Amino acid sequence: MGSSLLPDLGTQILIPVCGVIGIAFALFQWVLVSSVKLSPAGGRDAANKNGYNDSLIEEEEGVNDHSVVAKCAEIQNAISEGSTSFLFTMYKYVGIFMVAFAVLIFVFLGSVDGFSTSHQVCTYDATKMCKPALATAAFSTISFLLGAVTSVVSGFLGMKIATYANARTTLEARKGVGKAFIVAFRSGAVMGFLLAANGLVVLYITINLFKLYYGDDWGGLFEAITGYGLGGSSMALFGRVGGGIYTKAADVGADLVGKVERNIPEDDPRNPAVIADNVGDNVGDIAGMGSDLFGSYAEASCAALVVASISSFGINHEFTAMLYPLIISAVGIVVCLITTLFATDFFEIKAVKEIEPALKRQLIISTVLMTVGIAVVSWIALPASFTIFNFGTQKDVANWQLFLCVAVGLWAGLIIGFVTEYYTSNAYSPVQDVADSCRTGAATNVIFGLALGYKSVIIPIFAIAVSIFVSFSFAAMYGIAVAALGMLSTIATGLAIDAYGPISDNAGGIAEMAGMSHRIRERTDALDAAGNTTAAIGKGFAIGSAALVSLALFGAFVSRASITTVDVLTPKVFIGLIVGAMLPYWFSAMTMKSVGSAALKMVEEVRRQFNTIPGLMEGTAKPDYATCVKISTDASIKEMIPPGALVMLTPLVVGIFFGVETLSGVLAGSLVSGVQIAISASNTGGAWDNAKKYIEAGASEHARSLGPKGSDPHKAAVIGDTIGDPLKDTSGPSLNILIKLMAVESLVFAPFFATHGGLLFKL
């Protein structure tokens with residue numbers, strides 16, 4: 001077997017040091033962003049390496065600089081306050097749920113052995129005695145709460161940074177598109193690095209503290225750690241669904257009345273829903289996305305650690321090899337740090353057409369560098385050969401095989417990213433075809449958009465299938481878990497380019513509301529169109545990694561529940577399979593309907609204000625923004641509970657009444673159908689959005705023949721975009737949490753289901 005080259009002390013130093021580097025780099029980027037002043041006098045002399053000596057556009061056009069900056073600061077303040085108050089309201093409700101669910105975990109897991117405090121026989125080795133089930137119950141509850149709090153903090157910090165940076169991006173756009181890009185990208189990097197480093201450091205500290213109690217019982221230790229993934233994802237579910245309903249109710253309401261009925265531009269300050277719309281970008285796309293990817297990362301790590309603890313790493317107590325998943329993530333932070341410098345310091349962006357290539361370069365550079373990083377880590381952190389638990393037997397694996405498992409996940413992520421980009425960016429023919437179909441009205445636009453979404457599923461599914469086959473062939477379920485970690489190893493870069501989108505979107509909104517020149521709006525629009533595509537790429541990553549993570553968790557669950565084979569031909573399993581495949585549709589129906597009913601209230605309120613406030617259309621009276629913000633907040637808090645309950649209760653109901661075989665069918669079914677719907681929903685929505693932007697920008701002869709804003713093809717494109725909103729920002733992204741969360745919840749409760757489950761079949 002041999003031991004790894006990296007000593008245990010090296011691991012104890014390497015992981016926290018990389019985490020601290022990540023946090024320090026995030027703070028450094030934040031300091032650079034804050035050098036852009038939101039007071040009229042600053043901002044001029046901040047000409048660093050990327051500085052331009054151009055005069056500001058305002059100076060050319062003789063607009064009063066002071067009033068513009070003050071207006072930007074005022075709007076930013078309103079968006080920040082709205083976002084903070086919504087998140088606090090949501091966390092209040094979610095906090096109650098968190099405490100209740102923590103009690104449930106403790107009671108269910110404690111009852112496995114009748115709340116006994118004496119040692120029990122180990123699950124996987126009958127010759128040894130392990131810590132009592134009550135200890136696992138207590139420690140699982142603690143790690144659940146830790147995961148939940150880390151997830152909430154990740155989302156909240158991301159939102160704070162985004163609302164801090166949006167107006168600064170707008171002000172920098174006066175100096176040139178390159179300056180604005182750098183502020184938006186740096187702010188995204190702050191979120192990416194904070195989240196990646198926090199997730200790693202908290203998990204690492206938790207493992208070390210739990211080890212003080214568990215000692216040599218690593219099976220029990222890492223089983224208790226799975227609560228961390230459950231906590232992370234359950235918070236992400238409410239963040240994604242609640243934030244998604246909030247943002248899309250406001251967006252749909254603002255678009256339908258403002259653009260289609262009243263013919264005023266997007267983000268026009270006369271539109272009452274405009275502040276709610278911009279708040280929504282921060283609470284849905286930033287806070288929700290942050291919690292979501294944190295959840296994926298926590299679960300992939302937990303799945304890998306659980307399988308490793310019952311393989312030779314855990315049996316022989318090889319600490320460095322055991323923490324291989326964490327070392328990958330630690331090296332990923334350093335790789336992403338180097339990658340980020342390529343966007344902010346090594347290359348300068350001077351023209352609009354350089355924005356998207358710069359963001360794509362980030363993906364390629366991080367993937368190439370990470371491949372080298374994984375090779376080095378696999379060489380120094382793993383023994384030359386070892387065994388991996390494979391459904392009751394131990395499988396011999398060499399360290400180069402594990403390297404290939406991680407690498408195949410990493411490159412599958414890149415492929416999914418690029419395919420997503422091809423189908424959602426208006427630089428390529430699929431979106432241009434959708435835009436062209438608007439000539440004959442909204443119906444053809446909808447038909448083309450749906451077809452594009454279904455078609456965009458093909459290559460990502462093949463990429464996921466290949467990575468599953470390769471990684472499972474080499475290293476069984478552990479291989480799949482580390483493939484998911486490979487896909488998420490560049491999470492800091494992925495989040496940076498993802499958070500960049502909503503920040504640019506907000507910057508454009510602020511420019512419009514502050515009445516800045518149309519040339520600035522053109523620059524922020526260009527940043528935003530690239531941001532739309534990167535958001536779609538981010539969703540692609542989230543969905544791809546969710547598929548691998550939930551399969552790995554499924555494997556860990558099957559092992560933990562002592563199921564040897566999942567036989568589709570037995571009725572118990574098949575009914576689970578068919579019901580599981582239905583769940584993503586049920587869940588999507590709930591979230592779509594919620595957006596629809598909240599948008600209905602919003603449309604009525606916006607119409608009421610336009611009809612009853614005298615001087616609103618003329619711009620002499622101010623709209624009542626607060627009422628629209630309240631409508632979105634109330635609707636999302638109320639509507640997020642049923643879909644959340646569906647996901648959280650399904651595994652419990654199925655496990656308790658129908659047993660572990662049926663539950664394994666439900667998990668497999670929801671995974672298979674959920675991934676397909678999630679990819680097609682996200683890409684359909686992204687394509688409709690960019691088809692609309694393609695017509696609005698009028699950058700090519702073809703686009704100009706469809707425009708300008710307000711033309712019939714443009715109105716058809718706006719309707720498509722509005723239908724796509726809940727698909728791409730509520731249902732699609734929430735589905736990846738559904739498939740992961742049900743799997744991780746089943747894993748945490750597996751001991752209880754295996755002991756007391758299947759009541760109906762015992763009658």
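This is a short tour of some helix contacts, a cavity and two backbone details, to follow in your viewer. Keep in mind as you go that the model is predicted.

**Stop 1: H6 and H18**

Start by selecting helix H6 (218-261) together with helix H18 (residues 571-612). Their axes lie 8 Å apart, and the two helices pack at an angle of about 40°. That angle makes H6 oblique to H18. Turn the view until you look across the pair, and you can check that the crossing is right-handed.

Now show side chains. On the H6 side, the contact includes Leu 237, Val 241, Ile 245, Lys 248 and Glu 261. On the H18 side, pick out residues including Phe 587, Thr 591, Met 602, Arg 607 and Phe 610. Colour the contact of H6 with H18 by class and you should find 16 nonpolar, 3 polar and 3 charged residues.

**Stop 2: the loop after H6**

Next, move to the loop between H6 and H7, where Asn 263 lies. Its backbone is worth a click: phi of Asn 263 is near 60°, a positive value in a residue other than glycine.

**Stop 3: H7 and H15**

Carry on to helix H7 (residues 274-309) and add helix H15 (residues 458-488). The axes of H7 and H15 come within 9 Å and cross at roughly 150°. H7 and H15 are therefore roughly antiparallel to each other, and their crossing is left-handed.

Which residues of H7 make the contact? Select Leu 293, Ser 296, Tyr 297, Ala 300, Ser 301, Ala 303, Ala 304, Val 307 and Ala 308. From H15, add Tyr 478, Ala 481, Val 482, Ala 484, Leu 485 and Leu 488. By class, the contact of H7 with H15 has 13 nonpolar, 2 polar and no charged residues.

**Stop 4: along H15**

Stay on helix H15 and click Ala 476, which lies in this helix. Ala 476 has a positive phi of about 50° although it is not a glycine.

Then bring in helix H20 (641-697). H15 and H20 pack at an angle of about 140°, their axes being 10 Å apart. H15 and H20 are therefore oblique to each other, with a right-handed crossing. To see where they meet, select Pro 460, Ile 461 and Ile 464 in H15 along with Val 675, Gln 676 and Ile 679 in H20. The contact of H15 with H20 divides into 5 nonpolar residues, 1 polar and no charged.

**Stop 5: the largest cavity**

Finally, switch on a cavity display. The structure holds 13 cavities of 30 Å³ or more, and the largest cavity contains about 340 Å³ of space. To centre your view on the largest cavity, select Asp 285, Asp 505, Asn 532, Lys 728 and Asp 729, which lie nearest its centre among the 30 residues of the lining.

Which helices each supply at least two residues of that lining? They are H6, H7, helix H16 (491-513), helix H17 (518-560), H20 and helix H22 (712-756). The largest share, 6 residues, comes from H17.

What classes of residue line the largest cavity? The lining divides into 4 nonpolar, 6 polar and 20 charged residues. For a last view, set this lining with its 20 charged residues beside the contact of H7 with H15, which has no charged residues.

Conventions:
Residues are numbered from 1 along each chain as its sequence is written. This is a predicted model: local features need pLDDT of at least 70, side-chain atom pairs count only at pLDDT 80 or more; totals for chains, interfaces and linings use all residues. Side-chain values use heavy atoms; hydrogens and water are left out. Axes are lines fitted to C-alpha atoms, for helices over the stretch in contact, and angles run from 0 to 180 degrees between N-to-C directions. Helices (H or I, at least four residues) and strands (E, at least two) are DSSP runs, numbered from the N terminus. Angles under 35 degrees count as roughly parallel, over 145 as roughly antiparallel, 65 to 115 as roughly perpendicular and the rest as oblique. A crossing is left-handed if the near helix is turned anticlockwise from the far one by less than a right angle, and right-handed if clockwise. Contact means heavy atoms within 4.5 Å. Ala, Val, Leu, Ile, Met, Phe, Trp, Tyr, Cys and Pro count as nonpolar, Asp, Glu, Lys and Arg as charged, and the others, Gly among them, as polar. On a 1 Å grid over the protein atoms alone, a cavity is a set of points where a 1.4 Å probe fits but cannot get out, and a pocket is an open set with protein on both sides within 12 Å along at least five of seven lines; lining residues have an atom within 4 Å of a point. Grid points are joined across faces, edges and corners, and a volume is the space filled by probe spheres set on the points.
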